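This briefing covers the ligand surroundings, the annotated positions and one helix of a predicted model. Please read it alongside the structure shown here.

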Amino acid sequence: MKENQQSLLLQSIPRFPPPKGVKLSYGTAGFRADASLLESTMFRVGILAALRSLKTGSVIGLMITASHNQVSDNGVKVADPSGGMLTQNWEPFADDIANAPDPHSLLQLIIEFAKKEEIGFEGRQPAEVLLGRDTRPSGEALLDAAKQGITSVVGAIATDMGVVTTPQLHWMVRARNRGMETSESSYFHQLSSSFRCLMDLKPEERKNNGDDDKLVVDGADGVGGEKLQQFKKTLTGLCIEVRNQGDGMLNEGVGADYVQKEKVAPRGFGPADVGLRCASLDGDADRLVYFSVTSNENNQIELVDGDKILSLFALFIKEQLSILNEGEGEKENGSYQAHLGVVQTAYANGASTDYLKEMGLEVVLTLTGVKYLHEKAAEFDIGIYFEANGHGTILFSEAFLSWLEATHKTLLSTSEGSAKQKAASRLLAVSQLINQAVGDALSGVLLVEVILQYMGWSVHRWNELYHDLPSRQLKVKVVDRSAVVTTNAETVAVRPIGIQEAINAEIAKYPRGRCFIRPSGTEDVVRVYAEATTQDAADALASSVARLVDQCLGSGTA
Ligand code: G16
């Protein structure tokens with residue numbers, strides 16, 4: 001590293017001292033903590049993002065958000081050149097620099113890492129980082145810290161994309177690195193034109209789904225609500241009412257995380273909405289769940305979670321693939337047996353996994369965190385991944401897309417208007433509509449809506465695909481959540497020693513009981529998930545295991 005680079009870093013590093021006595025870790029989705037603790041982390045992640053840009057010769061993204069967490073928290077996620085999450089190989093470096101205690105040790109870490117990664121500081125192309133933030137009040141100051149980190153790498157450019165959803169920023173990074181327009185209007189244009197294309201390809205006879213025409217969306221009082229309100233004006237063929245657009249407290253009794261975990265309607269929804277088709281976004285609009293209010297009392301809902309969204313998408317894609325493959329021997333551009341697979345986590349409802357397997361699909365389980373699911377889904381020609389919490393998307397391989405484009409072109413000239421040509425058009429439109437970089441609630445809403453119209457289904461019909469096993473999720477505040485260590489895709493706790501045996505003894509009391517614990521990577525808690533044949537049994541199993549965790553690791557009050 002040249003002297004001018006070292007002295008630039010040495011000038012700026014002391015302006016952002018790390019908070020004392022705090023150990024941060026690049027968890028499930030980047031760094032997350034109380035916003036007051038994060039200035040130095042933002043600055044340091046800014047440096048990391050600029051180094052990643054130099055290393056890859058591409059534009060990198062830095063998103064300031066704490067997604068579903070309370071408004072006083074904030075965080076940062078880094079997007080790699082593909083628009084996906086930061087490569088996991090760099091996470092240990094992120095942890096090291098976030099926790100380096102003084103300017104000298106931080107500089108040393110950067111010098112050594114740059115040497116190990118062979119990062120040239122004098123390349124022809126300067127580093128460039130696209131920055132985005134959600135609506136949290138702490139975002140602006142943290143953005144400034146991140147910019148200062150980026151520009152302490154010689155020549156690096158920090159491009160502020162303003163207040164955006166997390167998936168928008170990931171989309172912009174991907175678009176930019178593919179030589180496409182990165183503006184918000186081009187993002188909206190891509191979504192609305194592919195949505196229109198899918199709407200135009202709806203079978204005539206299936207146009208009425210029996211639901212009220214209107215979709216009511218809970219915007220979590222975050223950036224997603226704001227953006228949807230703006231975007232819906234450009235959409236035709238869909239009537240959307242957005243509530244919780246930002247006047248109330250972010251994520252407080254609203255949002256996909258609240259609706260999915262508590263299984264109740266969010267703030268602003270009530271008896272007048274019974275039976276309506278509703279959806280809820282999370283704080284940075286990378287998660288989506290559907291619901292309908294079922295009862296005037298206690299805000300009860302019928303929840304249609306990420307597992308059901310996955311099932312709906314899988315059904316639709318499978319149907320289009322089988323139309324395309326009809327008529328052996330007369331395939332255009334040679335045959336292509338697309339390898340379709342789905343990816344879930346241990347939180348997936350057991351009934352959903354059974355259903356997907358019955359459909360003949362290959363189902364893979366990974367650790368919690370889209371970075372793991374995304375990686376697995378990318379191994380398929382078409383990989384559909386969803387967490388039960390509503391975070392997911394559909395990935396199309398380049399090889400499959402090239403074949404599909406060529407096939408579509410041939411079909412247009414030989415049999416325009418045929419079922420096969422329409423199926424190819426639909427699949428191409430889905431690959432444009434659904435965010436290829438990361439789970440995206442806005443594009444997810446549009447795809448769900450168009451598939452429901454295609455199937456002629458109401459939200460209730462969709463929910464009837466299979467019946468969820470009753471489940472309950474709880475969180476337990478503990479002294480040190482890293483004391484919980486898991487294996488087998490987080491279904492078995494190997495530490496604290498003996499806790500899994502105690503959990504097994506509880507599970508054995510309930511027919512079809514299933515339960516696991518894992519440390520959260522975004523909140524300072526241990527999560528408990530339980531499933532059983534009745535809601536009372538799932539609740540009882542979750543509570544008894546939460547008590548075990550509390551006795552073992554917490555304050556002993558749960
Ligand atoms: C993030 C991750 C998700 C994960 C969720 C909860 O979501 O992107 O993959 O499921 O955190 O993680 P944990 O259980 O480790 O706290 P978001 O929407 O908060 O960014």
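The ligand in this predicted model is surrounded by 18 residues, the closest being Thr28, Ser67, Ser520, Gly521 and Thr522. Sorted by class, that shell holds 10 polar, 6 charged and 2 nonpolar residues. Two UniProt "binding site" annotations, both from an unreviewed entry, include some of the closest residues: one covers Ser67, and the other covers Ser520, Gly521 and Thr522.

**Site with Ser67 and the aspartates**

- The unreviewed UniProt entry marks Ser67, Asp282, Asp284 and Asp286 as "binding site". These positions span 220 residues in sequence, yet no two of their C-alpha atoms are more than 8.1 Å apart, so they gather at one spot.
- Ser67 sits in the loop between strand 2 and strand 3. Ser67 is buried because 29 other C-beta atoms lie within 10 Å, where 20 or more are required.
- Beyond residues up to four places away in sequence, Ser67 touches Ala29, Thr166, Asp282, Gly283, Asp284 and Asp286.
- Asp284 lies in the loop between strand 8 (277–281) and strand 9 (288–293), and is buried, with 35 other C-beta atoms within 10 Å.
- Apart from neighbours within four places in sequence, the contacts of Asp284 are Thr65, Ser67, Asp134, Thr165, Thr166, Gly222 and Val223.

**Site with Ser520 and Thr522**

- A further UniProt "binding site" annotation (unreviewed entry) lists Glu387, Ala388, Asn389, Arg518, Pro519, Ser520, Gly521, Thr522 and Arg527.
- Ser520 is in the loop between strand 18 (514–519) and strand 19 (526–531), and Thr522 is placed in the loop between strand 18 and strand 19.
- Ser520 counts as partly exposed, with 17 C-beta neighbours inside 10 Å, whereas Thr522 is buried, with 21 other C-beta atoms within 10 Å.
- Setting aside neighbours within four places in sequence, Ser520 contacts Arg481, Val525 and Arg527. On the same basis, Thr522 contacts Gly27, Thr28, Ala29, Arg32 and Asn69.

**Helix 6**

- Helix 6 (residues 166–177) has 12 residues and should span 16 Å at 1.5 Å a residue; its end C-alpha atoms are 17 Å apart, which agrees.
- Of the 12 residues in helix 6, 11 are buried, including Thr166, which is in contact with both Ser67 and Asp284.
- The buried residues of helix 6 pack against strand 2 (60–64), strand 3 (73–79), strand 4 (128–133), strand 5 (157–163) and helix 7 (184–200).
- Gly179 follows helix 6 and has a positive phi, near 75 degrees.

Key
Residues are numbered from 1 along each chain as its sequence is written. This is a predicted model: local features need pLDDT of at least 70, side-chain atom pairs count only at pLDDT 80 or more; totals for chains, interfaces and linings use all residues. Helices (H or I, at least four residues) and strands (E, at least two) are DSSP runs, numbered from the N terminus. The expected span of a helix is 1.5 Å times one less than its number of residues. Two residues are in contact if their C-beta atoms, placed from the backbone, lie within 7 Å. A residue is near a molecule or strand if its C-beta atom, placed from the backbone, lies within 6 Å of it. Ala, Val, Leu, Ile, Met, Phe, Trp, Tyr, Cys and Pro count as nonpolar, Asp, Glu, Lys and Arg as charged, and the others, Gly among them, as polar. UniProt positions are given in the numbering used here, feature names are shortened, and annotations may be inferred rather than shown by experiment.
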